[in-house]
Amino acid sequence: MKLLKLVPDNTNIQFLKLRVPFFLLSLVLILGSWIAVGVNGLAFGVDFAGGQEVRMTFTQQTVAPIPSLREKIAGLGYGEPVVQEFGAPNQVSIRVKLPDDAAAAPDAAKAIGERVIATVRADHVDARVDGNDTVSGKVAGEFRNQAILALLAAMAAVSVYIWVRFEWQFGVGAMFALVHDVSITLGLFALTQWEFSLQIVAAILAIIGYSLNDTIVVYDRIRENLKKFRKMEMGALLDLSVNETLARTVMTSLTLFIALIPLLLFGPPSLFGMVAAITVGLFVGTYSSVYMAGPLLIWMGVTTNSFVPTETALDKQEKLAKGQG
Amino acid sequence: MLDFPLWKKLSLWAITLAASLLALPSLVNVAGLDWPEALPSPQVNLGLDLAGGSHLLLEAKATDVRAQRLENMEETVRQLMRNASPRIRIGDVSTAGGELSFILENAADIDRARGLIEPTMQGATTVREWELRVVDGQRIVLSQTEAGVNQAIDDAMDSATEVVRRRIDELGTREPTIIRQGETRIVVQVPGLQDPEALKALVGQTAQLEFKLVDLDALPTNIQAGIAPPGSEIVPYAPGTPGAGSAIAVKRLGGIRGENLTGAQAERDPQNGQSVVTIAFDAQGGAKFAKLTTENVGRPFAIILDGQVLSAPNINEPILGGRAQIAGSFTPESSNNLAIALRSGALPVPLAVVEERTVGPDLGADSIRKGLIAMGIGSLAVIALMIATYGRFGIYATVALVFNVLMLLGLMALGGFTLSLPGIAGFVITIGAAVDANVLINERIREERARGRRVIAAVETGYKEASRAIFDANLTNLISALALGMFGSGPVRGFAVVLFIGIITSVFTGVTLTRMFVAGWLRKARPNDITI
């Protein structure tokens, strides 16, 4: 039986040769994402913006008449509504701001939702109501804080973990790779103006976890090779490590990718944004573990001599062993 | 590494099969069949985003609790001073600034007054709930301690949660979730409920029923201007009642609250066909009610619900039977709602809806169908790729993957966790990522074979060397899943649960189970070479 080999044995691709241009490209992408977020902003959904959001599906149409909906609903006098595609072209989410006093009178918020629904239905009998959400400004603000906190806490915690399991340089490298992945995902949502909701934050947290898998596998191999090849030049050692783990990297990214693609194409439309974020994060994360996490080790002065157990290091290890025992 | 004694094999299979069997009821259910009722049936609950339904987040205001406590304290103090012998006369009572302050007409009473009040300052717990201080030797000021207020809020929320649960149970909806969240919030989720209006009308009603004497000395012009005589307050008529738009003055203290009720029933008045609510007091409430009506025959008293007057009838004769009828221009629905609310007790604190989500039922069913299709295609693609790439080792990984999905579903059912829409994405991610462990191991075995190691040694080294990276990678995944769990409830939480359990089951199936499979095969076949 002949088995499939996606990556030939003993590849020797010199990834690190291009580390400077690729690193600059990454920096440009990160900065570009930040600018996109700063200029365009994120299209916050009701979770983060607060207000009244109605989600509808136009069952008899392929494309929702967004411009005419926007005009109609603006005429209701609740300010400029946010009308955007949600998942599929014939699904929309319509969000209007709540008047300040509506927070005190929830029935008022509900009534606004009902008026929006009635307005849409007046022109489109096929419009099906999929959801009708009220989120007060206070709760939305809490969601925002929670999201920021969760992202920062996750990034800090995994970086510290890597620092403890490896060395501080690896922790910093992993942290940079994560900043890269998270920034670019946010940039994507700023550019496309896809709705940014709690689900997307969940997706980014999943990206943090899985992008780190790659980084850890490469780092683990670097650590192993650092002990094995004491005389090797650092760039060559990184290349060797990346090449040795290349088959695994390709295979793992591919399995996750082919599992996600059907979900992206045939899955529930309301999961589209989330799955798209994870898919993009998957590629960005694989790339960053090679081109962000690796070269940074060189620039932070990791050499084959860095982790030769010195006397103090041995003491430390002994202490650790005792502490664990 | 490859040594599996019989007991180890048996216990691994036992764990695997037990956890997988737990998934059966949920699978049978998804297939649209009926699971025999005689068998235990742990089920994965579907989240509101899949089942459709209503989600409400209710919040209590701390200021309401403070005001309520202050009022209770005032009543207690007045009663204590009045009943003291000899009576302690007080004046200039004020509750401004969140403090209760009053002057003793006779400064010599100060120690007696303190002695009477101090025992009431300590609640049921050891927390000191009030601070007492004396100003100018004659004025007593009682202020609420932070600990006391927090304790009161905590108690109020506990009983509010209970009250909300009783009310929703009366609605007869199936499997509602009512949980306290944080310090001042309650989450209510009712699957399948499409129109949350009835729910909100019921839950949002404080149902604080009061009977207070009408202050006949108040001047109509003053009432209109909103100026109440000392000791009285202005209360507006409820919308829809004959007096709507106007208000009356009632005595602030000396009334009865509707907490001593044993029952409430919506009825139709046989004389005029109006919807009314009949209430029955318990012994204590009945006695109080009898006393109030006996002492005030010929005078009107106001029936007040949540700060609005329903009616203010004259007391024609003492009401001694402990029953009363409340009329207030009810519709049959609103009288029924009020009866339920009164039966289940008043909310100790008003609740406001701060978040409300309704999900239509079609969307959920659609999502499940599409999610299952996508999951099926994705799984097949992953399995095909794994078998094409790793042959026999890919088949082992596939078997492990199937058990992984079953165990994940089974453990979710066992833990009573909720599968949400993002949870479906979590399943797909778990399927795609779970084989990562096998990829790492198999690639390592390939490498070790290429370096010329013998089969057994290559397999052993493969599992040993790959385990380190698998451990680290999955631990960081667990960390980020934990960060996700910070989002108290709802769909995102469902995603975190799937990832979290999925990481644990995938390490078990991907590493431990496949190692057992491989070891068993190596022992039996003793191959000199392997295709990998």
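# Exercises on a predicted two-chain model

The largest nonpolar core of this predicted model holds 145 residues, and those with the most contacts inside it are A:Ala202, A:Leu205, A:Ile208, A:Ile278 and B:Val428.

## Exercise 1. The cores

Find which element gives the largest share of this core, and list the contacts of A:Leu205.

Solution.

Step 1. Look at helix 7 (residues 198-228) of chain A. This helix supplies 18 residues, the largest share of the core.

Step 2. Take A:Leu205 and leave aside its neighbours within four places in sequence. In chain A it is then in contact with A:Ala150, A:Leu151 and A:Ala154, and in chain B with B:Ser480, B:Ala483 and B:Leu484. Contact here means C-beta atoms within 7 Å.

Step 3. Look for another core. One of 54 residues lies apart from the 145-residue core, and B:Leu58, B:Ile168, B:Ala218 and B:Val235 are among its members.

Step 4. Recall the general background. In soluble globular proteins, nonpolar side chains tend to be buried together.

## Exercise 2. The contact between the chains

State how many residues each chain gives to the contact, and describe the side that belongs to chain B.

Solution.

Step 1. Chain B gives 62 residues and chain A gives 58 residues.

Step 2. List the elements of chain B that give two or more residues to this side. They are strand 18 (351-359), helix 11 (361-390), helix 13 (421-434), helix 14 (436-450), helix 15 (455-484) and helix 16 (491-525).

Step 3. Pick out the largest share. Helix 11 of chain B contributes it, with 16 residues.

Step 4. Sort the side of chain B by class: 39 residues are nonpolar, 12 are polar and 11 are charged.

## Exercise 3. A sheet made by both chains

Give the strand order of the eight-stranded open sheet, and name its edge strands.

Solution.

Step 1. The order is 3(A)-4(A)-2(A)-5(A)-18(B)-2(B)-8(B)-7(B), with antiparallel pairing.

Step 2. Strand 3 (82-86) of chain A and strand 7 (177-181) of chain B are the edges, since each pairs on one side only.

Step 3. From one strand to the next, the twist averages 20°.

Step 4. Go to the place where the chains join. Strand 5 (residues 127-135) of chain A runs antiparallel to strand 18 of chain B, and five bridges join them. In strand 18, B:Arg357 stands opposite A:Asp133, and B:Glu355 is the bridge partner of A:Val135.

## Exercise 4. Strand 2 of chain A

Decide whether strand 2 (residues 51-58) of chain A is largely enclosed, and find its partners.

Solution.

Step 1. Eight of the eight residues of strand 2 are buried, so this strand is largely enclosed by the rest of the structure.

Step 2. Check both faces. A:Gly51, A:Glu53, A:Arg55 and A:Thr57 point one way, while A:Gln52, A:Val54, A:Met56 and A:Phe58 point the other way, and all are buried.

Step 3. Strand 2 is joined to strand 5 of chain A by eight antiparallel bridges. A:Gly51 has A:Val135 as its bridge partner in strand 5.

Step 4. Strand 2 also pairs with strand 4 (residues 88-96) of chain A, antiparallel and over six bridges. There, A:Gln91 stands opposite A:Thr57.

## Exercise 5. The domains of chain A

State how chain A is divided and how far apart the domain centres lie.

Solution.

Step 1. Domain 1 covers 15-41 + 140-299, and domain 2 covers 51-135.

Step 2. Their C-alpha centres are 36 Å apart.

Step 3. The contact between them takes five residues from domain 1 and seven residues from domain 2. On the domain 1 side, three are nonpolar, one is polar and one is charged.

How values were computed. Residues numbered from 1 in each chain as written. Chains lettered and ligands numbered in written order. Predicted model: local features only at pLDDT ≥ 70, side-chain atom pairs only at ≥ 80, totals over all residues. Domains from an automatic or database assignment. Contact = placed C-beta atoms within 7 Å. Nonpolar A, V, L, I, M, F, W, Y, C, P; charged D, E, K, R; others polar. Core = buried A, V, L, I, M, F, W, Y, C linked by C-beta atoms within 7 Å. Buried ≥ 20, exposed ≤ 12 C-beta atoms within 10 Å, placed from the backbone. Helix = DSSP H or I, 4+ residues; strand = E, 2+ residues; numbered from the N terminus. Pairing = 2+ DSSP bridges. Axes fitted to C-alpha atoms, helices over the stretch in contact; angles between N-to-C directions.
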